[in-house]
Amino acid sequence: MLEVDDLHAGYGRVPVLNGLRFGMVAGEFVGVFGRNGMGKTTLMRALIGALRTTRGLVRFEGGDLTNRRAHIHARAGIGYVPQGRQIFPTLSVIDNLRMGCVKAPREAEATVMSVLELFPRLRGLLERTGGSLSGGEQQLVALARCLCGKPRLMLLDEPTEGIQPSICDEIMETLAQLRERHGIAILLVEQDIDFLRALSDRILVIERGEIIAEFPSGSMSTEDIAHRYGGLGAANLK
């Protein structure tokens, strides 16, 4: 489904991704783990077309998306939930979801109603503005809005950051349902190792813009991953 080969990208003269390579198959959940500043968000931005690459290839379902604009990626079937959610704070929840229906605007109402079946908490919030919601509720809106674009691959950047545990559990359950019911593939950047292990088929470790390790998610404990690759103390484990 996704092929990334020899990918280089950065900001101005500062390189961040340095020959990064990996692939994904349809319906696969792949986790990406690494310390801050190692290139995780830069990778996501390059894959969605928000950041131009300087070398390498991004291919999705056989089509070359390297340095194509972000709306081309979205129409090809890639959805993106950025770090920090970035919903529209002055729009209602229902209008935020409608904004996600870029591929089939005439079917927006039916699409939104279908997506809301996965997010029962949002049903009572549809007329509230995005900015009035809690961080966890905003994250649910961001996920639901992404799904309104009917992606076959979702890129999720730190979906549990600053989120209360009850909604983290809700997000985990929803993502698991996406796999079972819809076969959507997910590339998940996450610092919560337990969350990452629970959902991912395999985990990639990124260090200085390169994939330095890959292993099945169940092959290592949370503590081993943190000790070996994260440099995290016990206080950082969720």
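Where is the place of Asn67 in this structure? In this predicted model, Asn67 is found in the loop between β5 (63-64) and α2 (70-76).

**Backbone angles**

Asn67 is not a glycine, yet its phi is positive, at about 60°. Asp6 is likewise a residue other than glycine with a positive phi, here about 55°. Asp6 belongs to strand β1 (residues 2-11). The table sets out the two residues.

| Residue | Phi | Location | Relative accessibility |
|---|---|---|---|
| Asp6 | about 55° | strand β1 (residues 2-11) | 18%, buried |
| Asn67 | about 60° | loop between β5 (63-64) and α2 (70-76) | 27%, partly exposed |

Asp6 counts as buried because its relative accessible area is 18%, and the cut-off for buried is under 20%. Asn67 has a relative accessibility of 27% and therefore counts as partly exposed.

**Aromatic rings**

A search of the whole structure gives 1 aromatic pair. The pair consists of Phe215 and Tyr229, with 5.9 Å from centre to centre and 15° between the planes. This pair is stacked, because planes under 30 degrees apart count as stacked. Phe215 is part of strand β10 (residues 210-216) and Tyr229 is part of helix α8 (residues 222-230), so the pair ties together parts that are 14 residues apart in sequence. Both Phe215 and Tyr229 are buried.

**A charge over a ring**

Another ring, that of Phe29, has the charged end of Arg179 sitting over it. The distance from this charged end to the centre of the Phe29 ring is 4.1 Å.

Terms used:
Residues numbered from 1 in each chain as written. Predicted model: local features only at pLDDT ≥ 70, side-chain atom pairs only at ≥ 80, totals over all residues. Heavy atoms only, no water. Phe/Tyr/Trp six-rings, centres within 6.5 Å; stacked < 30°, edge-to-face > 60°. Helix = DSSP H or I, 4+ residues; strand = E, 2+ residues; numbered from the N terminus. Buried < 20%, exposed > 50% of the residue type's maximum accessible area, 1.4 Å probe, protein only. Lys NZ or Arg CZ within 6 Å of the ring centre and 35° of its normal.
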